[in-house]
Amino acid sequence: MSGKKFGRRGDLWLCLAAVALLLLGAFWAWPGQQDTVYGEITLEGQLYKRIQLTGHRGREVIPVRTERGENVIVVEDEEIFVQEADCHDKICVKTGRLSKAGQVAACLPHKLMIEIKGGSEPGVSK
Ligand SMILES: [Zn+2]
């Protein structure tokens with residue numbers, strides 16, 4: 001979103017964009033209205049990668065290496081999971097496959113987190 005220079009007219013557009021984003025946010029919170037689901041990988045709270053899970057086909061391997069260790073994240077069709085990790089607790093691996101909004105897999109030793117965003121919240125009937 002940043003990096004582009006806007007003039008005075010640009011400010012108006014920025015305002016409109018902000019309103020549009022707010023509306024979009026309201027849409028996302030609306031159960032059943034939005035079924036596009038994303039997997040967000042964050043490292044130390046910073047977004048590392050976002051993958052659209054809805055409509056995803058095939059297998060994509062995302063190795064994440066940090067000074068703390070390594071996690072091998074796999075996106076398979078519309079699911080995302082940690083396949084391998086060299087952390088000591090392996091909780092991230094045991095968490096298993098994520099595909100629904102609100103699901104989270106965390107690797108605390110590596111400060112890595114996978115979060116599913118969008119779609120309908122768990123507990124909301126389809
Ligand atoms: Zn782990």
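The following dialogue goes through the strands, sheets and core of a predicted model.

Q: Where do I start, and what secondary structure does the protein have?
A: Start with the inventory: two helices and seven strands. From the N terminus on, the order of elements is α-β-β-β-β-β-α-β-β.

Q: Which strands form the sheet that includes β1, and in what order?
A: Sheet order is read across neighbouring strands. Here four strands make an open sheet, ordered β2-β1-β7-β6, with antiparallel pairing. The twist from one strand to the next averages 20°.

Q: Which strands stand at the edges of that sheet?
A: β2 (46-52) and β6 (104-107) do; each has a single partner strand, so one side of each is left without a neighbour in the sheet.

Q: How many bridges join β1 to β7, and how many pair β1 with β2?
A: Between β1 and β7 (residues 112-118) there are seven bridges, and the two strands run antiparallel. β1 (residues 37-43) pairs with β2 over six bridges, also in the antiparallel sense.

Q: Which residues can I use to find these pairings by eye?
A: For the β1-β7 pairing, take Gly-39, which stands opposite Ile-116 in β7. On the β2 side, Tyr-38 has Gln-52 as its bridge partner, and Ile-41 stands opposite Lys-49.

Q: What links β1 to β2?
A: The two strands form a hairpin with two residues between them. One residue in the turn, Glu-44, has a positive phi of about 50°.

Q: Which strands make up the sheet that includes β4?
A: Three strands, in the order β3-β4-β5, form an open sheet with antiparallel pairing. Its edge strands are β3 (59-66) and β5 (79-85), each of which pairs on one side only. Neighbouring strands in this sheet are turned by 25° against each other on average, direction ignored.

Q: How many bridges hold β4 to β3, and how many to β5?
A: Eight bridges join β3 to β4, and these strands run antiparallel. β4 (residues 69-76) and β5 pair over six bridges, again in the antiparallel sense. A useful marker is Val-75 in β4: Glu-60 of β3 stands opposite Val-75, and Val-75 stands opposite Ile-80 in β5. The β3-β4 connection is a hairpin through two residues.

Q: Is β3 buried or in the open?
A: To judge this, count the buried residues in the strand. For β3, the number buried is zero of eight residues, so the strand lies largely in the open. For the protein as a whole, buried residues make up 16% of the 126 residues.

Q: Why look for a nonpolar core?
A: In soluble globular proteins, nonpolar side chains tend to be buried together. In this model, the largest nonpolar core has 16 residues, and those with the most contacts inside it are Ile-80, Val-82 and Ile-114. β1, β4, β5, β6 and β7 are the elements that give two or more residues to this core.

Q: Which residues is Val-82 in contact with, leaving aside its neighbours within four places in sequence?
A: Val-82 is in contact with Asn-71, Ile-73, Cys-92, Val-93, Thr-95, Ala-105 and Cys-107.

Q: What share of the protein's contacts joins residues far apart in sequence, at least 24 apart?
A: Take the contacts between residues at least 6 apart in sequence: 33% of them join residues at least 24 apart.

Key
Residues are numbered from 1 along each chain as its sequence is written. This is a predicted model: local features need pLDDT of at least 70, side-chain atom pairs count only at pLDDT 80 or more; totals for chains, interfaces and linings use all residues. Two strands pair if DSSP finds at least two bridges between them. Axes are lines fitted to C-alpha atoms, for helices over the stretch in contact, and angles run from 0 to 180 degrees between N-to-C directions. A nonpolar core is a set of buried Ala, Val, Leu, Ile, Met, Phe, Trp, Tyr and Cys residues joined through C-beta atoms within 7 Å. A residue is buried if 20 or more other C-beta atoms lie within 10 Å of its own, exposed if 12 or fewer, and partly exposed in between; C-beta atoms are placed from the backbone. Two residues are in contact if their C-beta atoms, placed from the backbone, lie within 7 Å.
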